Amino acid sequence: MEPNGEAYLARPDEPEGMTRFPQARLAPTNSHHTIYISGTACVQPDGTWPGVTDNEDGTQTLDIRTQTAAVLNNIDRVIKGATGNKGGVQNLIDAVVYVVDMKRDYAGMNEEWNKVFTTRTNAPARATIGVKELPDPRMIVEVKAVAVVEM
């Protein structure tokens with residue numbers, strides 16, 4: 001069993017394709033903690049914004065891949081901190097990904113997601129939702145998630 005429980009695949013023989021997430025995850029039933037992670041962005045504890053480049057003309061370039069990787073790293077840091085390093089991003093059982101521009105950014109977000117979760121059997125259940133905006137104009141992706149960690 002994966003650290004985040006057992007994956008339920010409605011069609012287990014179907015090729016993984018572009019997206020890697022199961023239809024559901026069965027949480028472990030042993031002694032565990034369920035961790036509800038608030039919406040998390042790419043901003044770092046030191047106040048820097050990975051995936052945000054200030055241009056000379058006063059505009060900004062926003063990179064979905066860099067931001068997604070930073071968001072997943074931030075979630076990993078939150079879970080490790082909350083569990084005394086007993087868990088991490090691999091313990092996610094559910095995630096909601098908010099993306100500002102689905103047409104432009106879904107594929108790049110999904111590519112970074114698939115680097116962390118390499119198969120459907122270790123990926124959390126997931127929904128991806130297009131939104132008009134997020135709390136800060138530098139944010140183009142945010143993830144809210146739930147993890148289960150055996151303690």
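Which residue forms a salt bridge with Glu112? Lys115 does, with the closest N and O atoms 3.0 Å apart, as the second view shows.

The model is predicted, so that local features need pLDDT of at least 70 and side-chain atom pairs count only at pLDDT 80 or more, while totals for chains, interfaces and linings use all residues. Residues are numbered from 1 along each chain as its sequence is written, and side-chain values use heavy atoms, with hydrogens and water left out.

**View 1. The largest nonpolar core and Ile79.** This core (buried Ala, Val, Leu, Ile, Met, Phe, Trp, Tyr and Cys residues joined through side-chain atoms within 4.5 Å) has 30 residues, and Ile79 is among those with the most contacts inside it. Helix 1 (64–83) is one of the elements that each supply at least two core residues, and its share, six residues, is the largest. Contacts of Ile79 (heavy atoms within 4.5 Å), not counting residues up to four places away in sequence, include Ile35, Leu92 and Val149.

**View 2. The pair Glu112 and Lys115 in helix 2.** Both residues lie in helix 2 (helices being DSSP runs of H or I, at least four residues, numbered from the N terminus), three residues apart, about one turn of the helix. Their salt bridge (a side-chain nitrogen of Lys or Arg within 4 Å of a carboxyl oxygen of Asp or Glu) is formed between Glu112, buried at 11% relative accessible area, and Lys115, exposed at 58%; buried means under 20%, exposed over 50% and partly exposed in between, with a 1.4 Å probe and protein chains only.

**View 3. The pair Lys80 and Asp76 in helix 1.** The closest N and O atoms of this salt bridge are 3.0 Å apart. Lys80 is partly exposed at 34%, whereas Asp76 is buried at 17%.
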